[in-house]
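Welcome! Please take a moment to look over the sequence and the model, and then read on for a short guided tour.

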Amino acid sequence: MAQPLLFRQARVFDGQSVHTDYDVLVIDGKIAQLGSAIEAPADAEIIEAHGKTLLPGLIDSHTHAKPPALEMALTFGVTTELDMFSEPGYMTEQRREAQTRNSMADVRSAMTGASVAGGHPSGMIGVVFDKQYPVLENAEDAEAFVAARVAEGADYFKLMIEDGTIFGHEAPRLSDDVVYALVAAAHAQGLKAMAHTTTVKLMLLAIRAGIDGLMHVAGDRLMTDEEVAEVAQSGIFVVPTLSTLASVYGDKHGQHLAEDDRTRPLLSDAWAENLCQCWHLTNPGSTANVIDATRRLYEAGVDVLAATDAVTVGVPGTAHGVSMHGELELLVDCGLSPAAALRAATLLPARRFSLDDRGRITPGLQADLVLVNGDPTTDVRQTLSIEGVWRRGEQAPRIGQAEGVGTASAASAVAG
């Protein structure tokens, strides 16, 4: 068991509210007590945290966790990644390791997502996927396809509803009847259904089919007030992935993260370069459309969750862990307060993905924690000023990462 740990006189963001000059006691990897003037056990490690902020470990609600993703994520305070389409071969092993290793982030996964032959993300075979993944042809295949994902150990189900608009060319996609059949089959198996959509038209299809969460915000055009209202009334949550979509629409938003003195020593040259790249596509969308949609959905009461869609070197614009801090900045640009952006990376994903043991700092929960200098509840850019990261009460190493693997041109692959 990890040594007892007492954070003394910290500013504590507990996932919902801010407390000043609070003590937080960790015993056996869990939050034991928080409040004022807590008496430490005789063998406890004491961390003087006055002027610093203690946060729940961050949860990235959309990634593709190909190694070394989970070690990178933890370095930058992301203690849980929610993987949205990966090969079971490496994902099964990572999930097993994450159960006992505190030097990597925890992970949940959709395992193999639902797509069609030649559809997205077939352009990533050779980059993210070593070989052709299973696909389906018609609605009659839906139950068997979902059952196979359950056998892989999927925690939720992912549909790729992509017609190629974002790439600037037409691509085969799941038909409307297959989308409806897959969502019904997922729910029958007790799985939440997540949908990749990048156009307003396909977003509405997914909602009407009964999906639980959108894994991107549509950026092909501005949404109408009626469309925003339909999303809000559906009760779903939205994961905008602003970092990736900014890159897809030609913006190098990740560059400032790569050049930050707080991150550069912890990034390999390959990952730093990846952050400084963007896609070069011809499509009808824009980052401005995505920002506008996220702002209006949030104002309409939709739960907005923070996520990066980070993949691997060769899929430009993001890097595991570090891009979450840029995502929080972009959420603030969408009108969320810094505290609301932090909730989007802690309490809300834990609640929406039924991760009942994390996402908050409260007695009985897992001690996944991040200590930062300054006050990110008033200036969210301070989340990068990391003093330490703890997983299950054990401090994680923060070391430079090995070179990433995989290369691809922006014309041949895009994140899911």
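The report below visits the nonpolar cores, a small sheet and two buried loop residues.

## A first word on the model

Please keep in mind that this is a predicted model.

## The nonpolar cores

Let us begin inside. The largest nonpolar core is made up of 93 residues. Phe157, Leu159, Ile161, Leu174, Leu182, Leu214 and Val231 are the ones with the most contacts inside it. Helix 5, covering residues 200-209, supplies the largest share of this core, with 8 residues.

Leucine 174 makes a good place to zoom in. Leaving aside neighbours within four places in sequence, leucine 174 is in contact with Ala114, Ser115, Val116, Leu136, Leu159, Met160, Ile161, Val179 and Leu182. Apart from the largest core lies another one, of 16 residues, and Met84, Ala110, Phe237 and Phe353 are among them.

## A sheet of three strands

Next, find the open sheet of 3 strands, which are arranged in the order 6-7-8 and pair in parallel. Strand 6 (58-63) and strand 8 (106-109) each have a single partner strand, so one side of each is left without a neighbour in the sheet. From one strand to the next, the twist averages 20 degrees.

Strand 6 and strand 7 (residues 78-83) are joined in the parallel sense over 4 bridges. Here isoleucine 59 stands opposite threonine 80 in strand 7. Helix 2, made of residues 88-98, lies across strand 7 and strand 8, and it runs at about 140 degrees to strand 8.

## Threonine 263, in a loop

Now move to the loop between helix 8 (255-258) and helix 9 (269-275), where you will find threonine 263. Is threonine 263 buried or exposed? Its relative accessibility is 0%, and because buried means under 20%, threonine 263 counts as buried. Not counting neighbours within four places in sequence, threonine 263 is in contact with Phe76, Leu257, Ala258, Val322 and Leu384.

## Alanine 218, in another loop

Our last stop is alanine 218, in the loop between strand 11 (213-214) and helix 6 (225-234). Alanine 218 counts as buried because its relative accessibility is 0%.

Which residues does alanine 218 touch, not counting residues up to four places away in sequence? They are Thr198, Thr199, Val200, Asn289, Val290 and Ala293. You can also look for glycine 285: alanine 218 and glycine 285 are 67 residues apart in sequence, and their C-alpha atoms are 8.5 Å apart in space.

Notes:
Residues are numbered from 1 along each chain as its sequence is written. This is a predicted model: local features need pLDDT of at least 70, side-chain atom pairs count only at pLDDT 80 or more; totals for chains, interfaces and linings use all residues. Side-chain values use heavy atoms; hydrogens and water are left out. A nonpolar core is a set of buried Ala, Val, Leu, Ile, Met, Phe, Trp, Tyr and Cys residues joined through side-chain atoms within 4.5 Å. Buried means under 20% relative accessible area, exposed over 50%, partly exposed in between (1.4 Å probe, protein chains only). Helices (H or I, at least four residues) and strands (E, at least two) are DSSP runs, numbered from the N terminus. Contact means heavy atoms within 4.5 Å. Two strands pair if DSSP finds at least two bridges between them. Axes are lines fitted to C-alpha atoms, for helices over the stretch in contact, and angles run from 0 to 180 degrees between N-to-C directions.
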